[in-house]
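Biologist: I'd like to learn how to read a protein model feature by feature. Could you walk me through one?

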Amino acid sequence: MAAALQLLPRVARAPLLPLLWGGPVARLASGMALAEQAQQLFESAVGAVLPGPMLHRALSLDPGGRQLRVRDRSFQLQQNVYLVGFGKAVLGMAAAAEELLGQHLVQGVISVPKGIRAAMEHAGKREMLLKPHSRVQVFEGAEDNLPDRDALRAALAIQQLAEGLTADDLLLVLISGGGSALLPAPIPPVTLEEKQTLTKLLAARGATIQELNTIRKALSQLKGGGLAQAAYPAQVVSLILSDVVGDPVEVIASGPTVASAHNVQDCLHILNHYGLRAALPRSVKTVLARADSDPRGPPSCGHVLNVIIGSNALALAEAQQQAEVLGYRAVVLSAAMQGDVKNVAQFYGLLAQVAGTRLIPSIAGASVEEDAKLHELAAELQIPDLQLEQALEAMVGDRGPVCVLAGGEPTVLLQGSGKGGRNQELALRVGAELERWPLGHIDVLFLSGGSDGQDGPTEAAGAWVMPELASQAAAEGLDVATFLAHNDSHTFFCRLQGGTHLLHTGLTGTNVMDIHLLFLQPR
């Protein structure tokens with residue numbers, strides 16, 4: 001917990017302990033006090049998935065230091081370990097791995113976000129940094145989470161290291177969110193710019209992470225099992241910090257150590273669905289046609305052990321525990337929230353309304369129709385393992401405040417050219433939804449934040465809102481609908497009350513998708 005509490009230097013903190021005034025949780029004097037608690041729970045969630053502790057839970061050496069144990073598998077150590085990595089959490093993972101492996105680590109190459117070493121140094125997070133004489137070479141690139149020439153150079157260096165390995169070597173692969181952008185190696189004649197343009201077009205039209213990665217893998221030398229194939233016949237151990245709903249190893253960072261299950265027809269179906277097939281560059285058509293006729297089929301990855309070492313569910317479990325320490329009835333709704341951000345926002349708005357009437361049954365509130373709409377919308381979103389009934393059951397009767405926790409990765413269909421990210425847009429849309437429902441006898445707060453500390457191309461991790469958002473905005477001459485129409489949520493929150501609704505953490509050094517917190521507290 002101590003490490004987690006370093007994440008929010010800009011926020012004044014109350015102690016993360018039960019408040020005694022007025023009951024297990026104090027009837028908070030203001031929305032800002034509730035916001036501080038929300039941000040503390042966000043910190044605890046992120047703190048549970050910091051790279052060092054996770055890696056040490058997954059790896060161990062035998063007492064003699066001659067064998068590396070990964071879960072139930074053991075690997076012989078003879079100064080034969082090589083390391084590669086790519087992703088937002090990989091710098092800290094590599095530092096922990098090198099400390100553990102010592103002289104057995106021969107060489108490493110990692111690709112990490114531009115500026116992350118300086119950010120970790122500035123934040124005093126020395127445990128996230130490699131030692132001065134490290135055997136690991138660091139490339140920084142993929143500014144704003146977009147593949148660039150620096151990331152391409154890193155990918156080629158990783159490929160070169162992998163291709164030089166023998167059957168006596170062990171390749172440790174560190175993978176976390178953001179890995180796709182940090183490992184771009186297009187199959188010639190496709191250029192980096194052509195691949196990047198296609199990815200941007202798909203993302204702007206609302207393509208899911210699964211769809212984006214299907215296309216990326218088809219056009220990449222290293223994704224879709226390509227890295228594992230390059231490393232053969234060396235043994236490969238991949239330690240994966242998941243940033244994808246459901247933790248599918250073939251999707252995280254586009255599955256560089258997992259044989260692809262997709263074919264060219266899957267790619268063409270996606271491109272047709274988003275109306276992009278006719279606009280494909282000749283180079284992309286050439287690569288897809290070549291792959292369709294390749295008699296070898298997809299690469300085999302029988303020499304690979306893939307291990308998930310951290311996920312959104314682990315982060316939510318920690319935040320749930322801390323919420324209970326504060327006296328909340330805490331329920332994890334789902335670690336797989338997905339779908340269009342508009343529908344997800346409507347879902348949270350309806351959930352707050354229906355939950356409010358269950359917390360205080362004597363207050364007129366949600367009708368049977370609204371309850372039915374909530375369940376209908378939940379079915380449309382197709383959220384895996386949704387614990388909606390359990391959450392609503394926790395809200396029956398006047399038994400004190402409730403904290404609903406969820407995580408995942410909603411998608412935003414871009415319609416404007418404003419500045420923002422999915423967390424800030426979700427928060428702004430939830431704020432607009434909350435205004436629609438009469439919840440005068442309940443304090444409600446919603447927070448959405450990216451666990452990596454960067455929401456889209458902004459310096460904020462996310463934002464928090466309350467039902468008073470729209471009226472506060474109107475008092476400052478800000479129209480919520482106009483900002484939403486331009487996907488300009490970051491500008492909105494910067495202007496609203498001097499930016500106090502923004503969640504600032506700086507780069508956290510980890511990444512397990514987003515954290516959503518919904519607080520309902522009877523007055």
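Modeller: What follows goes from the whole chain down to single residues.

Biologist: Before that, what should I know about the model itself?

Modeller: It's a predicted model, so local features need pLDDT of at least 70 and side-chain atom pairs count only at pLDDT 80 or more, while totals for chains, interfaces and linings use all residues. Residues are numbered from 1 along each chain as its sequence is written, and side-chain values use heavy atoms, with hydrogens and water left out.

Biologist: Fine. How many helices and strands are there in the chain?

Modeller: Helices (H or I, at least four residues) and strands (E, at least two) are DSSP runs, numbered from the N terminus. Here the chain has 18 helices and 15 strands. Its radius of gyration is 24 Å, close to the 24 Å from the globule rule for 523 residues, so the chain is as compact as a globular protein of that length. That radius is taken over C-alpha atoms, and the rule is 2.2 Å times the number of residues to the power 0.38. Along the principal axes, the C-alpha trace spans about 70 × 60 × 40 Å.

Biologist: Which feature does UniProt place at residues 38–288?

Modeller: The unreviewed entry lists "domain: MOFRL-associated" there. UniProt positions are given in the numbering used here, feature names are shortened, and annotations may be inferred rather than shown by experiment. In the model, residues 38–288 are 39% helix and 18% strand, with the end C-alpha atoms 47 Å apart.

Biologist: What share of the residues counts as buried?

Modeller: Buried means under 20% relative accessible area, exposed over 50%, and partly exposed in between (1.4 Å probe, protein chains only). In this chain, 58% of the 523 residues count as buried. As for the surface, areas come from the Shrake-Rupley method with a 1.4 Å probe, and for residues only the protein chains shown count as cover. The chain exposes about 20,800 Å², of which carbon and sulfur atoms supply 52%.

Biologist: And contacts: what do residues 24 or more positions apart account for?

Modeller: Contact means heavy atoms within 4.5 Å. Among contacts with a separation of 6 or more, 81% come from residues 24 or more positions apart. For a single case, take Ala 162 in helix 5 (residues 149–163). Leaving aside neighbours within four places in sequence, Ala 162 is in contact with Leu 227, Ala 230 and Ala 231.

Biologist: Is Ala 162 buried or exposed?

Modeller: Ala 162 has 0% relative accessibility, so it counts as buried. Tyr 328 is buried too, with a relative accessible area of 3%, and sits in the loop between helix 11 (312–325) and strand 10 (329–337). On the other side of the cut-off, Gly 275 counts as exposed at 52%; its place is the loop between helix 9 (264–273) and helix 10 (282–292).

Biologist: How does separation in sequence compare with distance in space?

Modeller: You read the two numbers side by side. Gly 275 and Leu 202 are 73 residues apart in sequence and 9.4 Å apart in space, C-alpha to C-alpha. For Thr 197 and Asp 168, 29 residues apart along the chain, the C-alpha atoms are separated by 40 Å. Thr 197 is in helix 6 and counts as partly exposed at 45% relative accessibility.

Biologist: Now the backbone. Which residues does a cis peptide bond join?

Modeller: Omega is the angle to check. One cis bond joins Pro 188 and Pro 189, with omega about 10°; Pro 189 is in the loop between strand 7 (170–175) and helix 6 (192–204). Another joins Tyr 232 and Pro 233, with omega about 15°, and Pro 233 lies in the loop between helix 8 (226–231) and strand 8 (235–241).

Biologist: What is phi of Arg 71 near, and where is Arg 71 found?

Modeller: Phi of Arg 71 is near 55°, a positive value in a residue other than glycine. Arg 71 lies in the loop between strand 2 (67–70) and strand 3 (73–76), and at 49% relative accessibility it counts as partly exposed. Met 513 also has a positive phi, near 70°. Its place is the loop between strand 14 (502–503) and strand 15 (514–522), and Met 513 is buried, with a relative accessible area of 2%.
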